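Colleague: Could you take me through one part of this model in detail? I would like to hear about the interior, and about the open and closed spaces in it.

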Amino acid sequence: MTADTSQPLKWNDGSGQSWSTAIALSDALRLKQEMAIDILDPKSVEVIFGSDLVRRTEVLGELARPQWEEAGIAYTDFADLLLSGPTTFVDASDALRRGLSDFFRRAGREDLAIVADRAWKAMEAGMQVSLAKASGEKVGKILQAGLDRADAEIDEALDDALEELTKPRIAGSSSGSSPG
């Protein structure tokens with residue numbers, strides 16, 4: 001089976017700089033040496049597209065190392081570029097998936113290309129479910145109940161403070177020290 005070249009193996013950061021996700025064998029070897037990630041192991045592909053966004057950032061950073069080093073950009077600055085636009089991280093992650101699928105197909109590992117594509121689809125579906133739940137009515141009710149409780153606790157604390165400050169002082173009691 002041939003590589004899917006319908007979409008480019010790149011993503012753009014918020015400033016429009018293009019970053020390639022085409023993966024060479026040397027990149028795979030560097031990932032294994034530097035990060036102990038063997039991209040020819042299906043479990044590694046699942047880890048890359050799992051919920052650990054920092055790990056995915058590290059993979060994207062290591063794969064793009066030659067590019068950001070050539071551009072004179074520090075690793076942490078490159079990592080910040082992944083959030084430089086409203087969809088940059090998702091675009092970079094999808095470009096990574098396409099890069100991995102392309103690499104696997106060129107290496108004759110259609111099975112791993114399918115794993116990468118399915119892991120990406122599962123991650124996207126999980127994000128959609130999380131988004132639906134987070135924006136749902138139940139979450140809104142929980143947040144509102146928390147705000148109402150906090151508001152009531154603040155009102156109670158203010159009432160207690162006001163009551164304490166407006167209490168008449170008892171003769172002979174003083175909060176200060178007497179001259180002596």
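Modeller: Happy to; here is a walk through the core, one helix that contributes to it, and then the pocket and the cavities.

Please keep in mind that this is a predicted model. Let's start with the largest nonpolar core, which has 32 residues. Within this core, Ile 39, Leu 100 and Phe 104 have the most contacts. Six elements are worth highlighting on your screen, since each gives two or more residues to the core: helix 1 (25-35), helix 2 (42-48), helix 3 (53-63), helix 5 (75-81), helix 6 (88-106) and helix 7 (110-134). The largest share comes from helix 6, with 7 residues.

Now zoom in on Phe 104. Setting aside neighbours within four places in sequence, Phe 104 is in contact with Ile 39, Leu 40 and Val 45. On the other side of it in the numbering, the contacts of Phe 104 are Arg 109, Glu 110, Leu 112, Ala 113 and Ala 116. Ile 39 therefore deserves a second glance, because Ile 39 is both a contact of Phe 104 and one of the residues with the most contacts inside the core, where buried means under 20% relative accessible area.

Staying in helix 6, have a look at Asp 102, which is placed in that helix. Asp 102 has 8% relative accessibility, so it counts as buried, the cut-off being under 20%. Its side chain is joined to that of Arg 106 by a polar contact of 2.8 Å.

Next, the open space. The largest pocket has a volume of about 210 Å³. It is lined by 16 residues, and those closest to its centre are Leu 53, Leu 82, Leu 83, Phe 89 and Val 90. Helix 3, helix 6 and helix 7 each supply at least two residues of this lining, and helix 6 gives the most, with 4 residues. By type, the lining of the pocket divides into 10 nonpolar, 5 polar and 1 charged. Helix 6 thus turns up twice, giving the largest share of the core and the most to the lining of the largest pocket.

Finally, the closed spaces. There are 2 cavities of 30 Å³ or more. The second largest cavity has a volume of about 40 Å³. Its lining is made up of Trp 11, Ser 20, Thr 21, Leu 60, Leu 63, Ala 64 and Phe 78. Sorted by type, these lining residues are 5 nonpolar, 2 polar and no charged.

Terms used
Residues numbered from 1 in each chain as written. Predicted model: local features only at pLDDT ≥ 70, side-chain atom pairs only at ≥ 80, totals over all residues. Heavy atoms only, no water. 1 Å grid on protein atoms, 1.4 Å probe; cavity = no way out; pocket = protein on both sides within 12 Å on 5 of 7 lines; lining within 4 Å. Points joined across faces, edges and corners; volume = space filled by probe spheres on them. Nonpolar A, V, L, I, M, F, W, Y, C, P; charged D, E, K, R; others polar. Core = buried A, V, L, I, M, F, W, Y, C linked by side-chain atoms within 4.5 Å. Buried < 20%, exposed > 50% of the residue type's maximum accessible area, 1.4 Å probe, protein only. Contact = heavy atoms within 4.5 Å. Polar contact = N/O pair within 3.5 Å; in protein donor to acceptor, adjacent residues only side chain to side chain.
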